Amino acid sequence: MGRSSAKQTAAPAAAQVRAYFDSLPPATRTHLQKLRATIRSTVPAAEEVISYGIPAFKLDGRILVWYAAWKAHSSLYPIGPSLLRAHGDGADQYDSSKGTIRFPLTEPPPVGLIRRLVRARGAELRARSKAR
């Protein structure tokens, strides 16, 4: 069997992400597109994929963050308590749990907060890689 190239694997991932977005109601799609654009512009080297049925970004072969739309909110994962404490100025106005932060669909995603959390998550991944 031949090996698949990055170009071959990127096309199905892009199609899967597109299908995910196409399945959303228009207002929800717009909200999630803003969240996605913020992540993408914060870490341009990250690769977009579908994992566990939801969109995600990989950095250096590991999941940087997942993001998803739900009935009344969008979510960003894995954003644990330590990341929120260290980098989550303003996060206290959003619902969060052990590994997620939720943004209501009735408000635009908080770009500054998302950028800080995604950068911190990237630094966390890099630190783990160096420790190995």
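**Exercise 1. Decide whether tyrosine 20 is buried or exposed, and describe its surroundings.**

Step 1. In this predicted model, tyrosine 20 has a relative accessible area of 13%, and because buried means under 20%, tyrosine 20 counts as buried.

Step 2. Next, find the residue in the fold: tyrosine 20 belongs to helix α1, which covers residues 6–22.

Step 3. Now list the contacts, leaving aside neighbours within four places in sequence: tyrosine 20 is in contact with Leu32, Ile50, Gly53, Ile54, Pro55, Ala68 and Ala69.

Step 4. Finally, take one of these partners, Ala68, and consider the backbone: although tyrosine 20 and alanine 68 are 48 residues apart along the chain, their C-alpha atoms are separated by 9.3 Å.

**Exercise 2. Work out where histidine 31 lies and which residues are in contact with it.**

Step 1. Histidine 31 is part of helix α2, which runs over residues 26–42.

Step 2. With a relative accessible area of 5%, histidine 31 is buried, since the cut-off for that word is under 20%.

Step 3. When neighbours within four places in sequence are left aside, the contacts of histidine 31 are Ser74, Phe103, Pro104, Leu105, Glu107, Pro108 and Pro109.

Step 4. For one of these partners, Glu107, a distance can be added: a polar atom of the histidine 31 side chain lies 3.2 Å from the backbone oxygen of glutamate 107.

**Exercise 3. Describe the largest nonpolar core, and say which element gives the most to it.**

Step 1. The largest nonpolar core has 35 residues, and those with the most contacts inside it are Ile39, Leu64, Tyr67, Leu76 and Ile101.

Step 2. At least two residues of this core come from each of α1, α2, β2 (54–59), β3 (62–69), α3 (81–87), β6 (100–104) and α4.

Step 3. The element that gives the most is β3, with 7 residues.

Step 4. As an example, look at isoleucine 101, which, not counting residues up to four places away in sequence, touches several residues, among them Leu76, Ile79, Leu84, Tyr94, Leu113 and Leu117.

**Exercise 4. Find how many cavities of 30 Å³ or more the structure holds, and characterise the lining of the largest cavity.**

Step 1. Rolling a probe the size of a water molecule over the atoms shows where empty space is left.

Step 2. A search of the whole structure gives 1 cavity of 30 Å³ or more, and the volume of the largest cavity is about 30 Å³.

Step 3. Its lining consists of Leu59, Asp60, Arg62, Leu125, Arg126 and Ser129, which divide into 2 nonpolar, 1 polar and 3 charged residues.

Step 4. Helix α4 (residues 111–131) supplies the largest share of this lining, 3 residues.

Terms used. Residues are numbered from 1 along each chain as its sequence is written. This is a predicted model: local features need pLDDT of at least 70, side-chain atom pairs count only at pLDDT 80 or more; totals for chains, interfaces and linings use all residues. Side-chain values use heavy atoms; hydrogens and water are left out. Helices (H or I, at least four residues) and strands (E, at least two) are DSSP runs, numbered from the N terminus. Buried means under 20% relative accessible area, exposed over 50%, partly exposed in between (1.4 Å probe, protein chains only). A polar contact is a pair of N or O atoms within 3.5 Å; within protein, one must be able to donate a hydrogen and the other to accept it, and residues adjacent in sequence count only if both atoms are side-chain atoms. Contact means heavy atoms within 4.5 Å. On a 1 Å grid over the protein atoms alone, a cavity is a set of points where a 1.4 Å probe fits but cannot get out, and a pocket is an open set with protein on both sides within 12 Å along at least five of seven lines; lining residues have an atom within 4 Å of a point. Grid points are joined across faces, edges and corners, and a volume is the space filled by probe spheres set on the points. Ala, Val, Leu, Ile, Met, Phe, Trp, Tyr, Cys and Pro count as nonpolar, Asp, Glu, Lys and Arg as charged, and the others, Gly among them, as polar. A nonpolar core is a set of buried Ala, Val, Leu, Ile, Met, Phe, Trp, Tyr and Cys residues joined through side-chain atoms within 4.5 Å.
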